[in-house]
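Okay, thanks for coming, everyone. I'll put the structure up and then walk you through some of the contacts in it.

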Amino acid sequence: MRLTVILLAAAIFQANASGHAQTVTLSGKTIPIKKVFTAIKQQTGYVIFSNTNTISDAQSVSLSVRDMPLKDLLDMVLKDLPVTYLIKDKTIVLSRKAPPSADVLTIPAPPTTISGVIRSTTGELLPGVSVRIKNTVTGTVTSSDGAFYFTHLPENTVLLITMLGYETLEIGVRKGTNGYTAYTVDKDQSKSLLVTDGNNLVMNITLHRKDMEIGDVVITGYMNVNKGNYVGAVYSVKADDIKIAGETSIDQMLQGVVPGMSVMVQSGQVGSSPKIRIRGTSTILGNQEPVWVVDGVIQRDPLPMPNGSGSLAGDMTELRLIASNAISWLNPNDIETITVLKDASATAIYGSQAANGVIVLTTKKPKPGQLSVSYNSSFTVGQRPSYGDFDLMNSQELMQFSKEVYEARDSYTSDVLPIGYAKLIQQLQRKEIDYATYTEMYRKLETRNTDWFGLLFRNPFSQNHSLSLSGGNEKISNRTSFSMQQQNGEAKGNDLTSFAASSNTTLRLGKRLTVNLMLNGSRRETDGFAYEVDPFSYAYNTARTIPMYNDDGSLFYHEKRGEPSTVYPGNTSYLYNIQNELNNTGNKNVTTNLSTTADVNLQITKDLQYQGLLSYTLTNSGVKSYATELSYYITQTRGYEFGSVLSNSPQELASRLPFGGLVQLQNANNNGYTWRNSLVYNRLLGKVHNVTLQGGIEARSALTQGNTDTRYGYLRYRGESYAPVPTMPAMNSVAKDNLYDLMRTNSGIVNQKSNYLSEYFSAVYGFDQRFVFNFNARLDASNRFGQDKNKRFQPTWSVGGKWRVANEKFMTAAKWLNAFDVSASYGYQGMAVEEVSPYLIATDGGLSNIFKQYILNIKSLPYPELGWEKTKTWNLGLDVALFNGRVSATANWYKKSSNILASRQVPVENGMNAATVFGSLMENTGYDLIVSVIPVRTKDFMWQFSVNTGLARNKLKQNERINTLEDYLNGTAIVNGQAYSTFYSYAYAGLNHFNGVPTFKNLDIKPTENPLDYLVKTG
């Protein structure tokens, strides 16, 4: 061990000595000293750094040396000159010697000049670095050789040095023993500054790279733009700042975070996907969701069919509540930043798909350095709902109420099933029990108080585990993460489990080429409810006089109304127990995702960069929904209770489904690729003109293949096999669909391919850090409009400008004002409505009862002339920052006007009573505002709070649809001058004073064709 230490010390000493033992060979008479330093640089590699007036061009020296040590040579050359030197690393700094002290005390004047050169840690000269006098607008930027220069600066000046992607550096100037000197305000950054003292300060500055701060840069998914040079309504936030314990998906964490964006949770089930709208709704028939982008790659939903397609539209809506969405595969712990692009100036680069906004996510990248291991774990326990949360009657109150209704001879609006008090009084009237038994049973019922919330719900529990490993060197680094998430929802039987793994590798192949390789994989499994099973609705609406179990522990069944029986005419009720339904129905969703991305950045020249991206994604989603023969849902189809009829009896022969239940299997396979190539040109011209240009081409393709299989006769408890389904059961007069037709029409294959080819261009121009102009354009081509070549291409463009008022010279005195930006933008976008096709689309209509032939039902008429929906967007923005950023605010006013597709009535001779036409106009106007305050900010602690608000007003115009009464009542009516999805209802007039029945206004008017004559808008 001792020998090892000695050898190691010797090696360090030798390496250290060799660094200072550089020798120089030089001979000649009257050699200009500047040529001497040129020879030193050539022979030793040392860089000589000095001010322009340190050494005169006329100064020379005669010498003849051979292999003289560098230090000795410098001493010889400079001994008679008023110049001193300092050797640090591979740099020789020359400076003038301090003048001899005078008998009279003199006060040095402020530094005449301050100059310097700025490099990166690799020695690369950095042009375009902002060097500004702190708390003023006075400043400059470094030239192409990294140099800057100031004259006649005031005392105690602090220079603020900033550049995107590098740590900010503050350098102060103060009096020193040799005139003036400079120092770093942050002592931890002192190694970044090498200074030559005097009245002419000379600085050698080194900037260190840093992770991009979310407030400094706007990440569009195509390029990163300095926020000061960007025009557009955007909002950025770090994922770590919005994480919510117990949530497994980032979309649910965004609720209430982004101004102008609404996140609505549609279901209490774990794993449910929220509905997200950015600045309202801009389409009726098209996709209303925003575009999700992860590391520059657009994500797609894994489900094979869009909303409202096919005869399974209702089931698909229910299925989407717990099915995976476009980003459910992504571990929130792997997300670095979230950027929401809201107006046309921000979203135009994405073209036709971005009319509803864009949400850009970036994942965490590897960092060079020693191996870093991070493990995060969280456990969350919630509280289940209870009757104390709601104003509901207990058993005693319900029995008393029912008794008063009966004794007052009041009536309900429908027949009352024999449950609770109704059954008890019925038994008394029929003399099935005597009054003493009635009284005894009454007391038993009023004290039962079944706790449905306690029986059907539990305290939700979730656990999240995440492990990440990061490390490497400057040439290759990697970050690999693994995560497991498990959620047990409030309702028993609703669970989610997910596993995810990701690997992100960065290769730096020389100074010019950087390659990022990303690989992601995930599996997500969700268990939910199906076929009308809703534990919360049941617990909330079911009387507490009904028990879950009999006294012997068996399940208690009560009557529940359902479909008319095909076996027993007039029977419309069947036995029901919620626990039995939970045991015999269910929905399971399993989604697996695999994606890989290669991202290439090549610095062709100092100003020109190539960016390339190739991504491939494969997603498989499988859904299984079932109901066994023991369930109430299948009992309605069968027509009688399970096991209540004899084999081969007339009742069994009359049933449509004497054996087995129902299963629906849905599978979808999505695979797609994105290939993008672009060139980025970034140049600073004349220190006041900053120009960034980007042009590229992008090809995307997505292939969706899926199938839906609906099978009756499902025998879950017999090896998951199938029983035969009667082809022609001996049904009574109750008309019901043939199950074979239902199986055929509710089964099918989906095979859809969407191809897009796009060209895009972006330009950013900044003048003197005061005026900024942005222009974005994109040309999209889609195969969704294959018949008309003129409709295949859709241009999208936007233009925006910003005035940075705080950087004007007349605002110099307002040191409390850090930023005051006024911006305006306008954009034009189109959107392809994939539900509309140039071809006639028909579905299997089964066997016609009239023609006794198999028929086709027209789903969509051909629309060869329809093209893209078009949206125009205006935006006015204001950004303010005060008191060194402690108070900031962003406000935007916007207007979106969309020429959209909508339906209108047509003669039934066309095969449908409604068709899709252009001409409807949808307008969205509103504002969004966010104010942030930082009361406390120290080096290690910051307390920040913010509040945001927004308003979106939606209005439809020029629509020709004729609405029915049902349209108004269920919120699907389209009324000119009103918002989309407006609900109407009858005008409530109060309760009848005699019998308590609710009454309504305008029901005594004459019949009218317009329901709005007697309906009122309710929301």
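So let's start with Phe1000, which is partly exposed because its relative accessibility is 37%, between the 20% limit for buried and the 50% limit for exposed. Please keep in mind that what you see is a predicted model.

Let me stay with rings for a bit. Searching the whole structure turns up 30 aromatic pairs. Take Phe453 with Phe457: the ring centres are 5.7 Å apart and the planes sit at 40°, so we call that pair tilted. Both Phe453 and Phe457 are buried. Phe1000 has a partner as well, and that's Tyr988, in an edge-to-face pair with 6.1 Å from centre to centre and 70° between the planes. Tyr988 belongs to strand 47, residues 988–991, while Phe1000 belongs to strand 48, residues 998–1000, and the two are twelve residues apart.

Now, which residues form one aromatic cluster? Those are Tyr387, Phe390, Phe453, Phe457, Phe536 and Tyr540, so you'll recognise the tilted pair of Phe453 and Phe457 in there.

Rings also meet charges here. Over the ring of Tyr183 you'll find the charged end of Arg174, 4.2 Å from the ring centre. And Lys403 lies over the face of Tyr442, 5.6 Å from the centre of that ring.

Okay, on to the surface. There's a nonpolar patch made of Leu519, Leu594, Leu614, Tyr616, Leu618, Tyr673 and Trp675, and together they have about 680 Å² of accessible area. Two elements give two or more residues to it: strand 32, at 608–627, and strand 33, at 661–685. Which strand gives the largest share? That's strand 32, with three residues.

Leu594 from that patch sits in strand 31, residues 585–603. With 45% relative accessibility, Leu594 is partly exposed.

So how do these strands go together? Strand 31 and strand 32 are antiparallel and pair over 19 bridges; one example is Gly586, whose bridge partner in strand 32 is Tyr626. The link from strand 31 to strand 32 is a hairpin of four residues. Strand 32 also runs antiparallel to strand 33, with 20 bridges joining them, and there Lys624 has Leu665 in strand 33 as its bridge partner. A general reminder while we're on strands: side chains in a regular strand alternate between the two faces of the sheet.

Next, a few loops. Ala233 is in the loop between strand 16, 224–226, and strand 17, 234–238. Its relative accessibility is 0%, so Ala233 is buried. Here's a fun one: Ala233 and Lys342 are 109 residues apart in sequence, yet C-alpha to C-alpha they are 5.4 Å apart in space.

Then there's backbone geometry. In general, most residues other than glycine have a negative phi. Glu532 isn't a glycine, and its phi is positive, about 70°. You'll find Glu532 in the loop between strand 28, 513–528, and helix 11, 535–541, and with a relative accessible area of 56% it is exposed. Glu720 also has a positive phi, near 50°. Glu720 lies in the loop between strand 34, 689–715, and strand 35, 721–722, and it is partly exposed at 37%.

Last topic, salt bridges. How many does a search of the whole structure find? It finds 23.

One of them is between the side chains of Asp451 and Arg384, at 3.9 Å from N to O. That pair links distant parts of the chain, 67 residues apart: Asp451 is in the loop between helix 9 and helix 10, and Arg384 is in the loop between strand 24 and helix 7. Asp451 is partly exposed at 30%, and Arg384 is partly exposed at 24%.

Another joins Glu808 and Arg770, at 3.0 Å from N to O. Glu808 is in the loop between strand 38 and strand 39, and Arg770 is in the loop between strand 36 and strand 37, so this pair ties together parts 38 residues apart in sequence. Are these two buried or exposed? Glu808 is buried at 8%, and Arg770 is buried at 17%.

Asp821 makes a salt bridge with Arg804, with 3.6 Å between the closest N and O atoms. Asp821 is in strand 39 and Arg804 in strand 38, 17 residues apart. And finally, shared partners join Arg523, Glu525, Asp527 and Lys588 into one salt-bridge network.

Technical notes: Residues numbered from 1 in each chain as written. Predicted model: local features only at pLDDT ≥ 70, side-chain atom pairs only at ≥ 80, totals over all residues. Heavy atoms only, no water. Phe/Tyr/Trp six-rings, centres within 6.5 Å; stacked < 30°, edge-to-face > 60°. Buried < 20%, exposed > 50% of the residue type's maximum accessible area, 1.4 Å probe, protein only. Lys NZ or Arg CZ within 6 Å of the ring centre and 35° of its normal. Patch = residues over 30% accessible without salt bridge, like charges linked within 9 Å, V, L, I, M, F, W, Y side chains within 5 Å. Areas by Shrake-Rupley, 256 points an atom, 1.4 Å probe, with all protein chains shown as cover. Salt bridge = Lys/Arg side-chain N within 4 Å of Asp/Glu carboxyl O. Pairing = 2+ DSSP bridges.
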